[in-house]
Structure formats: structure tokens, C-alpha cells
Amino acid sequence: MAEGLPEYRALEPPRMSRPEQAFELWRSAVPEGAHIVAFAEAAWSAAGLAAEKKAQSLVLFSPIVRVDAALEARLKPLQTALKSGLETLTEAAKPWFFGPFLLEQGQAAIEAWGEGLAELDVAGWLEALHTLPDGRKNLRRLECPVLVVLGAEDVFTPLRYGQELVEWTPTNANGLGAVRVSLEGCGHLAAWENPEEAANLVEGFLEEAKGVRGNAPVWREEG
């Protein structure tokens with residue numbers, strides 16, 4: 001994402017499996033008045049940081065700020081698959097995470113994604129999601145405009161998750177609240193499946209946000 005936003009200075013704090021730990025670690029790195037971009041469960045920390053740091057804008061890709069019964073049911077088979085190894089997990093996760101284009105024509109990309117999982121604490125990530133606190137109250141504290149981007153074919157976190165965030169985000173003093181946008185043909189990993197369109201969306205949104213409070217650096221974290 002940072003490569004598609006050359007006009008902004010991107011700060012990338014280290015990834016953490018547990019959102020609560022991430023929040024405490026990242027709060028010292030995120031400057032006041034930043035633009036914040038986050039993916040999946042990092043939205044939980046990002047919403048809190050955006051409220052605390054008076055962010056200029058907040059962009060959330062495929063956001064997860066709470067785990068309901070439906071998402072809980074999707075996590076359990078992934079944990080079971082992981083017990084047989086990352087290759088089995090990758091195969092099990094494909095229909096949950098990817099849209100139709102990559103499922104039909106992007107096997108090499110999916111395999112590369114699976115290989116990248118070896119560098120992450122996948123078991124810790126899955127376990128942490130089971131205990132994720134309800135983060136919707138942080139949305140009520142936001143004063144910045146919010147862009148929620150979802151894959152139109154996302155099965156893991158369907159469109160209703162994004163719509164819930166839009167409904168929980170208040171309209172600020174400038175008459176700005178949250179807006180939801182879908183990327184056609186993409187699944188849960190929309191920003192990775194269609195990085196050019198995702199970057200264009202974010203760039204346009206940041207330009208509009210600059211007109212509200214002035215320029216600021218970008219902070220992003222991908223899961």
C-alpha cells in the first residue's frame with residue numbers, strides 16, 4: 001500500500017498477533033493527527049488509536065473489531081486445519097479469503113501467500129481472535145472521516161461487518177462520518193488482490209481528508 005502513496009511518509013510498526021498488545025506498542029509510534037490505514041483485526045487497534053491521536057482520517061480494509069458467532073464458526077476449522085500444517089491451512093482458507101479471480105487464475109499468488117504465512121504467528125493470530133474484545137465503542141469516539149473498504153466477494157468478513165462499522169461511526173462536526181466501498185471480484189484480502197485500485201481509493205480519500213484538517217503522515221498496519 002505504501003508504494004502506491006508516494007507523497008506520504010509511511011510508518012509501519014511491527015506486527016503483533018494480539019490486538020491489545022499491538023495497541024500498547026503502536027500508540028508510541030503513531031503521531032498526533034496521522035492518517036491511519038489498517039487491515040482486518042488491526043482495525044480494532046486502529047480505531048482506538050484514531051480516537052486517541054485525533055487522526056485526520058481512518059481507512060479500514062476488511063475490518064474486524066469484534067468476533068460474533070458466525071466469525072467464530074469460521075475460525076474453528078482454520079485452527080483444525082493448522083494442526084495438519086500450513087499447507088493444509090492454506091487450502092482450507094482459500095474459499096474464505098480469496099475472490100473468484102484469484103481462485104480461478106491466481107494459484108501461484110495463493111501459493112506465495114501461503115508460503116508467507118510461515119513468517120507469521122498464525123496460531124497466535126487465530127487464538128487471539130477468539131478473545132477479541134468488542135471494539136465498536138471506539139468508533140463512537142472518532143472525530144475523523146472513515147473509509148471502510150471490503151471485497152465484494154469476501155466470505156470471511158462479509159459486507160455486513162463493514163456496514164456495522166459505518167453505522168457505529170458518528171458524523172463529526174464537519175458533517176463527515178463513515179462510507180463503505182466494495183472492490184469487485186475481491187475476497188477478504190482485497191488490498192492484496194487489487195492493490196492498484198485499493199491505493200487509488202486511499203489516495204483519493206486522503207486528499208479529501210487533508211482539506212478537513214491539513215496534511216499529516218500516514219500510518220498503516222496490515223494485520
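## A guided tour of the predicted model

Begin by selecting Glu197, which counts as partly exposed because its relative accessibility is 36%, a value that falls between the 20% limit for buried and the 50% limit for exposed. The model on display is a predicted one. Glu197 has its place in helix α11, which covers residues 195-213. Add Leu183 to the selection: the two residues are separated by 14 positions in sequence, and their C-alpha atoms lie 8.0 Å apart in space.

**The whole chain**

Zoom out to display the full protein. In a cartoon representation, the secondary structure amounts to 11 helices and six strands. Colour by burial next: 51% of the 223 residues count as buried. An accessible surface of about 10,000 Å² can then be drawn, and carbon and sulfur atoms account for 51% of this surface. If contacts are displayed between residues at least 6 apart in sequence, 71% of them join residues at least 24 apart.

**Helix α1**

Select residues 19-26, the extent of helix α1, and show side chains; the buried residues here are Pro19, Ala22, Phe23 and Trp26. Turn the view to look down the axis of α1: these buried residues fall within an arc of 100 degrees, so they line one face of the helix. As background, an α-helix has 3.6 residues a turn, so residues three or four places apart point the same way.

**Strand β2 and helix α2**

Move on to His35, in strand β2 (residues 35-39). Is His35 buried or exposed? With a relative accessible area of 0%, His35 is buried. Display Ser57 as well, and a polar contact of 2.6 Å appears between the side chains of His35 and Ser57.

Continue to helix α2, residues 42-52, which is mostly covered, with 10 of its 11 residues buried. Among these buried residues are Trp44, Ser45, Gly48 and Leu49. Just after α2, select Lys54 and inspect its backbone: phi is positive there, at about 50 degrees.

**The aromatic cluster**

A search for aromatic pairs across the whole structure returns four. Select Phe97 and Trp113 to see one that is edge-to-face, with 5.7 Å from centre to centre and 80 degrees between the planes. Which parts of the chain does this pair tie together? Phe97 belongs to helix α4 (residues 86-97) and Trp113 to helix α6 (residues 107-116), so the pair ties together parts that are 16 residues apart in sequence. Both Phe97 and Trp113 are buried.

Keep Trp113 selected and add Phe98. Phe98 and Trp113 also form an edge-to-face pair, at 5.1 Å centre to centre and with 85 degrees between the planes. Phe98 lies in the loop between α4 and α5 (100-105), while Trp113 is in helix α6, so this pair ties together parts that are 15 residues apart in sequence. Phe98 is buried, as is Trp113. Extend the selection to Phe156 and Trp192, and one aromatic cluster is complete, formed by these two together with Phe97, Phe98 and Trp113.

**Charges over rings**

Finish with two arginine side chains. Select Arg140 and Trp168: Arg140 lies over the face of Trp168, at 4.7 Å from the ring centre. Then select Arg160 and Tyr161, where the charged end of Arg160 sits over the ring of Tyr161, 4.4 Å from its centre.

How values were computed: Residues are numbered from 1 along each chain as its sequence is written. This is a predicted model: local features need pLDDT of at least 70, side-chain atom pairs count only at pLDDT 80 or more; totals for chains, interfaces and linings use all residues. Side-chain values use heavy atoms; hydrogens and water are left out. Buried means under 20% relative accessible area, exposed over 50%, partly exposed in between (1.4 Å probe, protein chains only). Helices (H or I, at least four residues) and strands (E, at least two) are DSSP runs, numbered from the N terminus. The arc is that of the directions from the helix axis to the C-beta atoms. Contact means heavy atoms within 4.5 Å. Accessible areas come from the Shrake-Rupley method with a 1.4 Å probe; for residues, only the protein chains shown count as cover. Rings of Phe, Tyr and Trp (its six-membered ring) pair if their centres lie within 6.5 Å; planes under 30 degrees apart count as stacked, over 60 as edge-to-face and the rest as tilted. A charge sits over a ring if NZ of Lys or CZ of Arg is within 6 Å of the ring centre and within 35 degrees of the ring normal. A polar contact is a pair of N or O atoms within 3.5 Å; within protein, one must be able to donate a hydrogen and the other to accept it, and residues adjacent in sequence count only if both atoms are side-chain atoms.
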